[in-house]
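Please look over the sequence and the 3D structure shown here before reading on. What can be said about the way the chain is arranged?

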Amino acid sequence: MNKQKMAVIGLGHMGRHMIHRLLPQYLEKIELVAICDSDESSLNREVAEAEIRPRLYTDYRQLLDEVPLDLVYIAVPPSLHYDVARIAFEKGIHVFCEKPLANSLTEARSLVELAEKADVLHAVHFSLPLDPAVLKLQGLLEEQSIGPIQSMDLYLEFPQWPRAWQKNPWITSRQQGGYLLEVGIHWIQMIQQVFGPITHVKSEIEFPPDSNQSESRVQAVLRLHHDIEIRLSGTDQRKGEERVSLVVYGEEGTLALENWCNLYRSGKDTELQPVPVNDVISPLPIVKQIIQILNGESGLIYDFHDGYNAQVVLEALRKPGEGFVDVRPQLMGDRQEEGYIVTS
């Protein structure tokens, strides 16, 4: 079996995670042949720590022009996603992109069109729907363990933004950063996968006096296709520990997914109790699924259509209209590609 030749572009938190944690698990199937980052000292430091010898670049255009590739992992700031993916598609390279898909809805739609024209694999790094706790939650919902869903609460609440481990030049910018874009996009996409399309959005958003800074407070309602509403509370001034959670209220009880991966359930007259998830087999990580697909096997990914549909809701939250905004005319429909599964 020939190894897939891969490049990593961007050595922020996710790019470092890819080269240090994920790719070493698949050395027999994938070869990291090149890395790009604008900071040359960061390049040298990370490859020395990882004990690897790929070709190093500070210009992604030069890398994509000079290095034969099967796959590129895009982990640069959102404003650069479009250009890196565009060049990769022009060269027939498969693309694995960090979220959000692009820096605007216009760019996201254009990337979907370019991906379709290139006829290559295109995946966004959405993993939350395949987390064991979310798979368990979905199974409990299918079993009607809390009865019909009545409503939900989504909490994106932080004592500060950015988080201590996440500081970089763009994470607080109104153009590319903020917790809605960085964290909320995961939950939007997961909700779309587990509960169905979000069709209407009503949002109230507050920003700091500095016009360059990202949101400080968000109060919103997301309405699903069957009229169930999700109340969203977002802040960067929460007292105490951060809370990133979804609480689902049913006629017969409650399910709470607290801080990403801790699942709880209650009945009508019982308090929330932890739900074990160690019996759930997850297909994660996404890079494993991509490798399977590139080797002609079936795999489960979320493609640029999924990335676009999540961005539709993200932009409606970040740029609210009057009252509820109907986002259905902008959403793309379901699809399935031959050879691999795309969940929509």
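The questions and answers below concern a predicted model and go through its sheet, its helices and some of its side chains.

Q: What is the order of the strands in the open sheet of nine strands?
A: The sheet is open, and its pairing is mixed. At its edges are β14 (273-274) and β16 (325-326), each of which pairs on one side only. Between these edge strands the other members are placed, giving the order β14-β13-β12-β11-β7-β10-β9-β8-β16.

Q: In which sense do β7 and β10 pair, parallel or antiparallel?
A: Strand β7 covers residues 149-157 and strand β10 covers residues 229-235. One bridge between them has Glu-157 and Thr-235 as partners. Over seven bridges, the sense of the pairing is parallel.

Q: What angle does the direction of helix α7 make with that of β7?
A: Helix α7, residues 179-194, packs on the sheet. The strands that α7 touches are β7, β8 (198-206), β9 (217-224), β10, β11 and β12. Its direction and that of β7 make an angle of about 160°.

Q: Which residue in the hairpin of β12 and β13 takes a positive phi?
A: Strands β12 and β13 run antiparallel and are joined by six bridges. Leu-257 stands opposite Leu-263 of β13. The hairpin has three residues between the strands, and the one with a positive phi near 50° is Asn-259.

Q: In β14, which residue is the bridge partner of Tyr-264?
A: A hairpin of five residues connects β13 to β14. These two strands run antiparallel, with two bridges joining them. The bridge partner of Tyr-264 in β14 is Pro-274.

Q: Why is the pair of Phe-89 and Phe-304 called edge-to-face or stacked?
A: Searching the whole structure gives six aromatic pairs. In the pair of Phe-89 and Phe-304, the ring centres are 5.7 Å apart and the planes meet at 70°. Planes over 60 degrees apart count as edge-to-face, so this pair is edge-to-face.

Q: How many residues apart are Phe-89 and Phe-304?
A: Phe-89 belongs to helix α4 (residues 78-90), and Phe-304 to helix α9 (residues 304-318). Both Phe-89 and Phe-304 are buried. The pair links distant parts of the chain, and the separation is 215 residues.

Q: Is Trp-260 buried or partly exposed?
A: Trp-260 lies in the loop between β12 and β13, and its ring pairs with that of Trp-187 in helix α7. The ring centres are 5.4 Å apart and the planes are at 50°, so the pair is tilted. Trp-187 has a relative accessible area of 0% and is buried. The relative accessibility of Trp-260 is 24%, so Trp-260 counts as partly exposed.

Q: At what distance from the ring centre of Tyr-155 is the charged end of Arg-243?
A: Arg-223 lies over the face of Phe-324, at 3.9 Å from the ring centre. The charged end of Arg-243 sits over the ring of Tyr-155, and its distance from the centre of that ring is 3.9 Å.

Q: What is the relative accessible area of Ile-74?
A: Ile-74 is found in strand β4, residues 71-74. Leaving aside neighbours within four places in sequence, its contacts include Ile-9, His-81, Val-84 and Phe-96. Ile-74 is buried, and its relative accessible area is 0%.

Technical notes: Residues are numbered from 1 along each chain as its sequence is written. This is a predicted model: local features need pLDDT of at least 70, side-chain atom pairs count only at pLDDT 80 or more; totals for chains, interfaces and linings use all residues. Side-chain values use heavy atoms; hydrogens and water are left out. Two strands pair if DSSP finds at least two bridges between them. Helices (H or I, at least four residues) and strands (E, at least two) are DSSP runs, numbered from the N terminus. Contact means heavy atoms within 4.5 Å. Axes are lines fitted to C-alpha atoms, for helices over the stretch in contact, and angles run from 0 to 180 degrees between N-to-C directions. Rings of Phe, Tyr and Trp (its six-membered ring) pair if their centres lie within 6.5 Å; planes under 30 degrees apart count as stacked, over 60 as edge-to-face and the rest as tilted. Buried means under 20% relative accessible area, exposed over 50%, partly exposed in between (1.4 Å probe, protein chains only). A charge sits over a ring if NZ of Lys or CZ of Arg is within 6 Å of the ring centre and within 35 degrees of the ring normal.
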